[in-house]
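Let's walk through a protein model together and ask how each label earns its place. Have the sequence and the 3D view ready.

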Amino acid sequence: MVKIFVGNLPQEATEDEIKELFEEYGMVTECAIIKNFAFVHMDDRKAATKAIRTLHQHKLHGTAINVEASHGKNQGPVKLHVANVEKGADDELRALFEEYGTVTECAVVKNFAFVHMPNYDEAMDAMKELDNSEFQDKHIHVQVSKSRPRKCCIFKTQAVK
């Protein structure tokens, strides 16, 4: 289940109208308007992701609505390790993972990659669906990375006279 936040709703918007808008992309299990925003629940993450991308800034009664994944009880960003990928496949791999949600970074290093996703639930769905799947004629393995994100520090050095 994916919870979607819909903001900047015009006053004349109805729950039926919002539900109908999202049902073009998949099954809507719940829709509730609260003041000038709504929450829409969809069963399928791929359908929800497509709805979010397509309907963000969609004009409803002349008003551009804000559509994004709800960030309620998010458990934070996840770094995924993807084994058995070819160098140079960064863009294709990013596109594959973006079917499940937002990807903030995707880098192929040697024969593996790191994919960073800010939403825990999206990352877990991607891992569940893509682990042991085919990508560019190879079986890939996806798991949560055991390495910690790098901490970047910039040191200023002064020239010795």
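Q: What is the order of the strands in the open sheet of five strands, and which way do they pair, parallel or antiparallel?
A: Keep in mind that this is a predicted model. The order is S8-S9-S7-S11-S10, and the pairing is antiparallel.

Q: Why do strands S8 and S10 stand at the edges?
A: Strand S8 (105–109) and strand S10 (133–135) each have a single partner strand, so one side of each is left without a neighbour in the sheet. As for twist, neighbouring strands of this sheet are turned by 30° against each other on average, ignoring direction.

Q: How do you know that S8 and S9 pair?
A: Pairing takes at least two bridges. S8 and strand S9 (residues 112–117) have five, in the antiparallel sense. To find one of them, look at Glu105: its bridge partner in S9 is His116.

Q: What makes us say that helix H3 packs on the sheet?
A: Contact here means heavy atoms within 4.5 Å. Helix H3 (residues 90–98) touches strand S7 (78–83), S8, S9, S10 and strand S11 (138–144). The direction of H3 makes about 135° with that of S8.

Q: Which strands does helix H4 lie across?
A: Helix H4 (residues 120–130) lies across S7, S9, S10 and S11, and runs at about 145° to S11.

Q: Why is strand S3 called largely enclosed?
A: A residue is buried when its relative accessible area is under 20%. Five of the six residues of strand S3 (residues 37–42) are buried, so the rest of the structure largely encloses this strand. Across the protein, buried residues make up 37% of the 161 residues.

Q: How do you know that S3 pairs with S1 and with S2?
A: Count the bridges again. Strand S1 (residues 2–7) is joined to S3 by five, running antiparallel, and Phe5 has Phe39 as its bridge partner in S3. Strand S2 (residues 28–34) pairs with S3 over six bridges, also in the antiparallel sense; Glu30 has His41 as its partner there.

Q: What lies between S2 and S3 in their hairpin?
A: Just two residues, and Lys35 in the turn has a positive phi of about 55°.

Q: What makes a space in this protein a cavity, and how many of 30 Å³ or more are there?
A: In a cavity, a 1.4 Å probe fits but cannot get out. By this rule there is one of 30 Å³ or more. The largest cavity holds about 30 Å³ of space, and its lining is Asn84, Val85, Glu86, Phe135, Gln136 and Lys138. That lining divides into two nonpolar, two polar and two charged residues.

Methods. Residues are numbered from 1 along each chain as its sequence is written. This is a predicted model: local features need pLDDT of at least 70, side-chain atom pairs count only at pLDDT 80 or more; totals for chains, interfaces and linings use all residues. Side-chain values use heavy atoms; hydrogens and water are left out. On a 1 Å grid over the protein atoms alone, a cavity is a set of points where a 1.4 Å probe fits but cannot get out, and a pocket is an open set with protein on both sides within 12 Å along at least five of seven lines; lining residues have an atom within 4 Å of a point. Grid points are joined across faces, edges and corners, and a volume is the space filled by probe spheres set on the points. Ala, Val, Leu, Ile, Met, Phe, Trp, Tyr, Cys and Pro count as nonpolar, Asp, Glu, Lys and Arg as charged, and the others, Gly among them, as polar. Helices (H or I, at least four residues) and strands (E, at least two) are DSSP runs, numbered from the N terminus. Axes are lines fitted to C-alpha atoms, for helices over the stretch in contact, and angles run from 0 to 180 degrees between N-to-C directions. Buried means under 20% relative accessible area, exposed over 50%, partly exposed in between (1.4 Å probe, protein chains only).
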